[in-house]
Amino acid sequence: MIVIPNVGSTSPVRIRRLLVKRIQWGVLFGLMVLIYGSHAPLITLTKADGSIPFNPSSCVLLIELAKLLISLVTLVLTGGTSALQAPRLVLVAPYAVPAVLYALNNNLVVLMQAYMDPSSYQVLSNLKIASTALLYSLCLGKRLRPTQWFALGLLMAAGACHTYSSLDLGDPVRAEAEEGPKLHITAWGLFLVMVYCFVSGLAAVYTERMLKSQKLPLSLQNLYLYMFGVAINGLSSFSLITSNKNFLEGYSGVVWVIIAGQAANGLLMSVVLKHGSGITRLFVISCSMLVNTLLSWAMLGLQLTTFFLLPVSMIALAAYLYYR
């Protein structure tokens, strides 16, 4: 007689596995939020005389190269090198699309600064939450409940509130006397923001669908993905380097920490897109804004106000409503 063990919903083994899985996802989420949130404060620490001393293009290239090398090492250690034999072009070519989309967005971020102030960009860039959710629902066929749509709207509003809380809305006479930057945005800038949010959502949704549709090891998929990332960013980096600035000029220990952190974050994000959901990425970015503020308060002396508690509460409520 064959004895089938009890593996029902009340099985201690099943409960233990679910608990371990939740802990793993919690640790993964926490690491990503910490790395995302620490990015801007760490860049601020590298500044010398108010400017960044290193070449941002070379930094991005090294991040992509680090992710490529880590993916290759992981593939070798896990015994997945057999899948590398004569890859078909139709299998590899789709991985070039995310690299092109992310490179386009990186350039859009720089271009938009000429048509709006940084605060307007921070507020309007939260529209990528809506674009990602719409594309997630349309392209991946994922139907969201009304409460989940409301949660994502709340998440977008939390981002806008967080940006609003960081604005200097003090004495307008003093601000005018100091000739500080004013809030402004042109019609062309608004159009660029819309394009940026659409491309951001499209890149995330496309990458998620590609990673989930192909039955390949994640390390091999990352290898293909970052191979194109290194190629595109390499061309961009070497075309922008001037003769009076070396490739590694201005690099310090903090810069290498930034490179290591962003490389790890990219690899962790691929795990989320492969085994989880792109919507989780939106919550990571939103929570990282809070971590960014707290680290800026602790490391850079940023002054917090009680208004900061509003976006914190909104993000917590959004997470509860979406995942309940």
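In what order do the elements of the protein chain run from the N terminus on? In this predicted model, the answer is a plain string of helices, α-α-α-α-α-α-α-α-α-α-α-α-α. The tally is 13 helices and 0 strands. Contacts mostly link parts of the chain that sit well apart in sequence: of those with a separation of 6 or more, 87% are between residues 24 or more positions apart. Of the 324 residues, 41% count as buried. The accessible surface of the chain adds up to about 18,300 Å², with carbon and sulfur atoms holding 68% of that area.

How far can the model be trusted along the chain? The average pLDDT is 80, and 84% of the residues score at least 70. Residues 1–7 fall below 50, and this stretch makes 2 contacts in the model beyond its near neighbours in sequence. A second such stretch covers residues 168–181, where pLDDT stays under 50 and the model has 3 contacts beyond four places in sequence. Helix α8, spanning residues 172–177, has the lowest mean pLDDT of the elements, at 44, while α11 has the highest, at 91. Where pLDDT is low, the predicted coordinates are not something to read in detail.

Helix α11 takes in residues 253–275, and N265 is part of it. N265 has a relative accessible area of 3%, so this residue is buried. Setting aside residues up to four places away in sequence, N265 touches M32, I35 and Y36. Those partners bring α1 into the picture, as this helix covers residues 12–46.

The helices α1 and α11 turn up again at the second largest pocket, along with α12 (278–300), each of the three supplying at least two residues of the lining. The pocket holds about 410 Å³ of space. The biggest share of the lining comes from α1, with 4 residues. The full set of lining residues is K21, R22, W25, F29, V272, H275, G276, S277, T280, F283 and Y323.

Turning to the cysteines, the disulfide count comes to 0. Are C139 and C161 buried or exposed? C139 is partly exposed, because its relative accessible area of 35% falls between the 20% and 50% cut-offs. C161, at 18% relative accessibility, comes in under the 20% limit and therefore counts as buried.

Conventions:
Residues are numbered from 1 along each chain as its sequence is written. This is a predicted model: local features need pLDDT of at least 70, side-chain atom pairs count only at pLDDT 80 or more; totals for chains, interfaces and linings use all residues. Side-chain values use heavy atoms; hydrogens and water are left out. Buried means under 20% relative accessible area, exposed over 50%, partly exposed in between (1.4 Å probe, protein chains only). Contact means heavy atoms within 4.5 Å. A disulfide is a pair of cysteine sulfur atoms within 2.5 Å. pLDDT is the predictor's confidence in each residue, from 0 to 100. Accessible areas come from the Shrake-Rupley method with a 1.4 Å probe; for residues, only the protein chains shown count as cover. On a 1 Å grid over the protein atoms alone, a cavity is a set of points where a 1.4 Å probe fits but cannot get out, and a pocket is an open set with protein on both sides within 12 Å along at least five of seven lines; lining residues have an atom within 4 Å of a point. Grid points are joined across faces, edges and corners, and a volume is the space filled by probe spheres set on the points.
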